[in-house]
Amino acid sequence: MPIVIVIVVIIILLIVVTNIRIVQQSRAYVIERLGAFHTIWGVGIHFKMPFFERIAKVVSLKEQVVDFAPQPVITKDNVTMQIDTVIYFQITDPKLYTYGVEHPMSAIENLTATTLRNIIGDLELDQSLTSRDIINSKMRAILDEATDPWGIKVNRVELKNIIPPREIQDAMEKQMKAERERREAILQAEGQKASQVLVAEGDRQATILRAEADKQAAIMRAEGEAEAIVKVQNATAEAIKLLNVANPNEQVIKIRALEAFQTAADGKATKIIIPSEIQGLAGLCASAKAVFDGTEPKQKQ
């Protein structure tokens, strides 16, 4: 009898221990009692009533990422492309997630495919390739509204890859190559234009500087000549002034005139006309020189 009691006690302890659950952070346990929803366990330690309650589902409350396989879609201009999407979602209501829809991930994948086809079907190829943000926003709004009864909140939707047909890719590559060559030609033309403008500007500045230098040189030469003329005129005026102060007689003036003609004779002049007064004065000077030297001028035979 004591052995039976011990065995019963051990069995009861095992049942109690095995029905104790500790719920981790960011998890939720959906509990059913007698086949019906009973409650949701949050973080902490919990006890499940044996034989009457069961854990229907363990739900993760973390944000989850699902990468769906590429889906064939047709654009408005009848181009078939392969597009794969990435969805970021989070379970906000474990009860709705458990009982709202069968196979939630499959439901989200199918809903994503149909939504993507509807959106891409209203766009042309070029718009589909350049309007990812618009497509992402529309898909997120539609999926979030559609999955709300399932206890799921769609946070983000991203188009991972857009793969057009091979011939379209070849045409796009040729177009891109032509565009790059066009931009390169434009850049080279702009560079040559800028270079020519700089060269022309340099020539213009050099011409202006040379003209300015010639102008300054001409001004300086003119100023030098003017200054020389002024100095000569001042010297002449000073000489005249000194002559007037000295009050020379007629003979001195004639001698000075003779010296001036002698100076003129040293130049390139071929003919010099000497006035008779200066000729007489020259003869007088020659006679005086002979007397002083002790010689007389010879008489003409």
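How much accessible surface does the protein chain have, and what percentage of that surface belongs to carbon and sulfur atoms? The accessible surface comes to about 21,800 Å², and 59% of it belongs to carbon and sulfur atoms. Before going further I should say that what we are looking at is a predicted model, and I will try to keep my wording accordingly careful.

Let me begin with the chain as a whole. There are eight helices and nine strands in the protein chain, and of its 301 residues 21% count as buried. If we take the contacts between residues at least 6 apart in sequence, 61% of them join residues that are at least 24 apart.

I would like to turn next to the strands, with S8, residues 80-91, as our guide. Strand S6, which covers residues 63-67, pairs with S8 in the antiparallel sense over five bridges, and within that pairing Val65 stands opposite Tyr88 of S8. Strand S7, residues 71-74, also runs antiparallel to S8, here with four bridges, and Pro72 is the residue that stands opposite Gln82. S7 and S8 form a hairpin with five residues between them, and in the turn Asn78 has a positive phi of about 65°. Finally, S8 pairs with S9, again in the antiparallel sense, over 10 bridges, and there Thr85 faces Leu159 of S9 as its opposite residue.

Leu159 deserves a moment of its own. Is Leu159 buried or exposed? Its relative accessibility is 5%, and therefore Leu159 counts as buried, the cut-off being under 20%. Leaving aside neighbours within four places in sequence, Leu159 is in contact with Ile83, Asp84 and Thr85, with Leu116, and with Arg132, Ile135, Asn136 and Met139. One of these partners, Arg132, lies 27 residues away along the chain, yet the C-alpha atoms of Leu159 and Arg132 are separated by 6.9 Å.

That brings me to the interior. The largest nonpolar core has 30 residues, and those with the most contacts inside it are Met81, Ile83, Ile87, Leu116, Ile135 and Met139. S8, H3, H5 and S9 each supply at least two residues of this core, and H3 gives the most, with six residues. As background, nonpolar side chains in soluble globular proteins tend to be buried together. Ile87, to take one member of the core, touches Gln64, Val65, Val66 and Phe68, then Ile108 and Thr112, and further along Leu143, Val154, Arg156 and Val157, not counting residues up to four places away in sequence.

Since H3 gives the most to that core, which of its residues are buried? They are Pro104, Ala107, Ile108, Leu111, Thr112, Ala113, Thr115, Leu116, Ile119 and Ile120. These buried residues pack against strands S7, S8 and S9 as well as helices H2, H4 and H5. As a check on the geometry, H3 runs over residues 104-120, and its 17 residues should span 24 Å at 1.5 Å a residue; the end C-alpha atoms are 24 Å apart, which agrees.

My last topic is charge pairing, where a search of the whole structure finds 10 salt bridges. Two of them can be placed in helix H6, residues 166-246. Arg204 and Glu201 meet with N to O at 2.7 Å, and because these residues are three apart in H6, they are separated by about one helical turn. Arg204 is partly exposed at 42% relative accessibility, and Glu201 is likewise partly exposed, with a relative accessible area of 33%. In the other pair, Glu227 and Lys231, the closest N and O atoms are 3.6 Å apart, and being four residues apart in H6 again puts about one helical turn between them. Here Glu227 is partly exposed, with a relative accessible area of 47%, whereas Lys231 is exposed, at 52%.

Salt bridges that share partners, by contrast, join Arg140, Asp144 and Lys153 into one network. Within it, the closest N and O atoms of Asp144 and Lys153 are 3.7 Å apart. Where do these two residues stand with respect to the surface, buried or exposed? Asp144 is buried, with a relative accessible area of 18%, while Lys153 is partly exposed, with 37%.

Conventions. Residues numbered from 1 in each chain as written. Predicted model: local features only at pLDDT ≥ 70, side-chain atom pairs only at ≥ 80, totals over all residues. Heavy atoms only, no water. Buried < 20%, exposed > 50% of the residue type's maximum accessible area, 1.4 Å probe, protein only. Contact = heavy atoms within 4.5 Å. Areas by Shrake-Rupley, 256 points an atom, 1.4 Å probe, with all protein chains shown as cover. Expected span 1.5 Å × (residues − 1). Salt bridge = Lys/Arg side-chain N within 4 Å of Asp/Glu carboxyl O. Pairing = 2+ DSSP bridges. Core = buried A, V, L, I, M, F, W, Y, C linked by side-chain atoms within 4.5 Å.
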